[in-house]
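This report goes through one protein model, part by part, for a reader who has the sequence and the coordinates at hand. Please keep the structure open while reading.

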Amino acid sequence: MDAPATDGRAARSRATRARVAAAATRLFTAHGYAATSIQAVAREAGVATQTVYYAFGTKPAVLKEALDQAVAGDADPVATLDRPWVRAALAAPDAHTQVRLQVEGTREVMERVAPLAEVVRAAAGSVPELAELWRTNTEQRRTVQAVFARALADRGVLRPGLEVPEAADTALALLSPEVFTLFTVHSGWTAERWSLWARDAVLRQLTHLADTPPGR
């Protein structure tokens, strides 16, 4: 008898957290971290200020939730490595397809994440919790790239002499929110154009397949 009520409360809680995270994303990316208050986030989300404090506790925690949901694309507790786009890339029939799917999936994530990542990075110098959040986010992205690099190594396509850790670090840099923002915001590229560049860059820097047509 208690299960439906418990499930209903959990669903409402997830919906509230998602609404607050979406509101926080709009305000943080429009006005910056320092100029955005918990009260403003609550108003934007259409909830009581106390609801935000009860659900998150602090403003850095609100930004962390917004970043986490931007990375995931939803409020479901599913790790990046278990997301369908990652699984599809790792299960690809060849390395060209793996890299293409990896970059396409990364582009979709970056379109959501890059503006918030800029907020976190800018505030990290003055807010210790956000400095730790930035370090954690970077390590999480490195972990994902290490899995992709290991998959390329297992396919036998890494450049001669390139070890998996260095390949992961290289991919981490090429597919970073900083580089995505540099190209799509400061240089005016479309996300699609960045995808083409990133796919070519990953193939050239990590593999010996840059000049080999897919399927060869």
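## The largest pocket

What volume does the largest pocket have? In this predicted model, the volume of the largest pocket comes to about 700 Å³. Its lining is made up of 31 residues, and those closest to the centre of the pocket are Asp-68, Val-71, Ala-72, Thr-80 and Gln-140.

Three helices, namely H4 (59–72), H6 (95–123) and H7 (128–154), each contribute at least two residues to this lining, and the largest share, eight residues, is supplied by H7. Sorted by chemical character, the lining residues comprise 16 that are nonpolar, eight that are polar and seven that are charged.

## Overall fold

The protein chain holds 10 helices and zero strands, so that its pattern, when read along the sequence, is α-α-α-α-α-α-α-α-α-α. The C-alpha trace spans about 60 × 50 × 30 Å along its principal axes, and 43% of the 216 residues of the chain count as buried.

Helix H2, which covers residues 38–45, has Ile-38, Ala-40, Val-41, Ala-42 and Ala-45 as buried residues. After H2 comes Gly-46, a residue with a positive phi, near 75°.

## Aromatic contacts

A pair of aromatic rings is described by the distance of the centres and the angle of the planes. The structure contains five aromatic pairs. One of them joins Phe-183 and Trp-197, whose rings lie 4.6 Å apart from centre to centre with 35° between the planes, an arrangement that counts as tilted. This pair links distant parts of the chain, since Phe-183 belongs to helix H9 (residues 177–186) and Trp-197 to helix H10 (residues 191–206), with their positions 14 residues apart in the sequence.

Are the two partners of this pair buried or exposed? Phe-183 has a relative accessible area of 14% and is therefore buried, the limit being under 20%, whereas Trp-197, at 26% relative accessibility, counts as partly exposed. Both residues also belong to one aromatic cluster, in which Phe-183 and Trp-197 are joined by Trp-189.

Trp-189 has a charged neighbour as well, for Arg-193 lies over the face of this ring at 3.9 Å from the ring centre. Another contact of a charge with a ring involves Lys-59, whose charged end sits over the ring of Tyr-33 at 4.2 Å from the centre of that ring.

## Salt bridges

Side chains of opposite charge can pair when their charged atoms come close. The count for this structure comes to 12 salt bridges. Among them is the one between Arg-87 and Asp-82, with a distance of 3.6 Å from N to O; Asp-82 counts as partly exposed, at 45% relative accessibility.

How far apart are the closest N and O atoms of Arg-135 and Glu-132? In this salt bridge the closest N and O atoms are 2.7 Å apart. Because Arg-135 and Glu-132 are three residues apart in helix H7, about one helical turn separates them. Arg-135 is partly exposed, with a relative accessible area of 48%, and Glu-132 also counts as partly exposed, at 39% relative accessibility.

A further salt bridge joins Arg-142 to Asp-169, with 3.0 Å between the closest N and O atoms. Here the partners come from distant parts of the chain, as Arg-142 is in helix H7 and Asp-169 in helix H8 (residues 164–174), 27 residues apart. Arg-142 has a relative accessibility of 27% and counts as partly exposed, as does Asp-169 with a value of 38%. Together with Glu-139, Arg-142 and Asp-169 are linked in a network of salt bridges.

## A buried serine in helix H10

Helix H10, already met as the place of Trp-197, also contains Ser-195. Is Ser-195 buried or exposed? With a relative accessible area of 7%, Ser-195 falls under the 20% limit and is therefore buried.

Ser-195 and Thr-25 are 170 residues apart along the chain, and their C-alpha atoms are separated by 24 Å.

Notes:
Residues are numbered from 1 along each chain as its sequence is written. This is a predicted model: local features need pLDDT of at least 70, side-chain atom pairs count only at pLDDT 80 or more; totals for chains, interfaces and linings use all residues. Side-chain values use heavy atoms; hydrogens and water are left out. Buried means under 20% relative accessible area, exposed over 50%, partly exposed in between (1.4 Å probe, protein chains only). Helices (H or I, at least four residues) and strands (E, at least two) are DSSP runs, numbered from the N terminus. On a 1 Å grid over the protein atoms alone, a cavity is a set of points where a 1.4 Å probe fits but cannot get out, and a pocket is an open set with protein on both sides within 12 Å along at least five of seven lines; lining residues have an atom within 4 Å of a point. Grid points are joined across faces, edges and corners, and a volume is the space filled by probe spheres set on the points. Ala, Val, Leu, Ile, Met, Phe, Trp, Tyr, Cys and Pro count as nonpolar, Asp, Glu, Lys and Arg as charged, and the others, Gly among them, as polar. Rings of Phe, Tyr and Trp (its six-membered ring) pair if their centres lie within 6.5 Å; planes under 30 degrees apart count as stacked, over 60 as edge-to-face and the rest as tilted. A charge sits over a ring if NZ of Lys or CZ of Arg is within 6 Å of the ring centre and within 35 degrees of the ring normal. A salt bridge is a side-chain nitrogen of Lys or Arg within 4 Å of a carboxyl oxygen of Asp or Glu.
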